[in-house]
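Q: I am new to this structure. Please take one part of it and walk me through that part closely. Which residues face in, which face out, and what do they touch?

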Amino acid sequence: MSDIRLLIVDDEPLIRLGIRSAVGKMAGVTVLSECGRGADAIQAMESLPVNLVLLDIQLPDCTGFDVVSHVGAERMPMVIFVTAYDEYAVRAFELNAVDYLLKPFDSERLRSSIERARRRLAADDPTALARQLQALLQLKDHGRPERIVVRQADRYDFVAVESIDRIESASNFVQLHCANRIYLIGDTMNNMESRLDSKRFMRIHRQHIVNVERVVAIHPIMNGTYELELNNGVRIASGRQYKGSIQALMRS
């Protein structure tokens, strides 16, 4: 039986605690570290003998896909992706036989995924994992939608992604702000962020995503926060946890 040396990567402390508690009851599983940011996950994989990582797709500073891309598919340990329901991501995982956990998941589902990873580790075929992850990254890079379908009362509107100025959370919905029109769709900010090209759309706050091409000025406020001014005059304050992304935008 292969021993599991686990890294837990999720930005929600309660989820990390729940995973640690559940795997603590599993034989042959040792948690080497846990973290809530992509940069810390990359550092942990480079410095610790991790052979399995539970990797959340949506992290404050990047996505799980970005982590895999940075580390390199050929150098990644075995990975189980963790995600809230995301039709695009789930389809990508299934097409490439990559294991994943859908939030919320229970201890039995977690145990099943870890045991499946243990069997794959015992098979000792790292090239197979590298091929699967590389194919996943290629699919992700070529699978961004150009239009988003919005259901209205009596029709479906096709909204061009390039027409979106910004996206705003609205309770259990999100608002697509497009020039003088606002579209309301039943989706989450995390799901929208994962579907859109991160080079064109940036999460700057838990409630806001902006089209970076619409940003005409960035105004520092305080304590690592900024106000982004769009070309239509709208100003949106950022969250402190997105400081790094905004500074990277300024450097670019």
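A: Start with the outer side of helix H5. The face turned away from the buried side of H5 carries the exposed residues Glu 108, Arg 119, Ala 122 and Ala 123. Keep in mind that this is a predicted model.

Now the helix itself. H5 covers residues 107–123. Its length can be checked. At 1.5 Å a residue, the 17 residues of H5 should span 24 Å. The end C-alpha atoms of H5 are 24 Å apart, so the two values agree.

Turn to the inner side. Leu 110, Ser 113, Ile 114, Ala 117 and Arg 118 are buried in H5. Seen down the helix axis, these buried residues fall within an arc of 145 degrees, so they line one face of H5. The spacing of a helix helps here. An α-helix has 3.6 residues a turn, so residues three or four places apart point the same way.

What does the buried face meet? The buried residues of H5 pack against several elements. Among the strands are S1 (4–9), S2 (29–35) and S3 (52–56). Strands S4 (78–83) and S5 (100–102) are also packing partners. Helix H1 (13–23) is another.

One buried residue deserves a second look. Arg 118 has a relative accessible area of 4%. Buried means under 20%, so Arg 118 counts as buried. The side chain of Arg 118 meets that of Glu 115 in a salt bridge, 3.1 Å from N to O. Both residues lie in H5, 3 residues apart, about one turn of the helix. Glu 115 has 25% relative accessibility and counts as partly exposed. The pair thus joins a buried residue to a partly exposed one.

Other salt bridges put this pair in context. A search of the whole structure finds 14 of them. One links Arg 75 with Glu 74, the closest N and O atoms being 2.8 Å apart. Arg 75 and Glu 74 are both exposed. Another joins the side chains of Glu 227 and Arg 235, at 3.1 Å from N to O. Glu 227 is partly exposed, with a relative accessible area of 23%. Arg 235 is partly exposed too, at 44%. Salt bridges also link Asp 10, Glu 12, Asp 56 and Lys 103 in a network.

Last, the end of the helix. Just after H5 comes Asp 124, which takes a positive phi of about 55 degrees.

Terms used:
Residues numbered from 1 in each chain as written. Predicted model: local features only at pLDDT ≥ 70, side-chain atom pairs only at ≥ 80, totals over all residues. Heavy atoms only, no water. Salt bridge = Lys/Arg side-chain N within 4 Å of Asp/Glu carboxyl O. Buried < 20%, exposed > 50% of the residue type's maximum accessible area, 1.4 Å probe, protein only. Helix = DSSP H or I, 4+ residues; strand = E, 2+ residues; numbered from the N terminus. Expected span 1.5 Å × (residues − 1). Arc of directions from axis to C-beta. Contact = heavy atoms within 4.5 Å.
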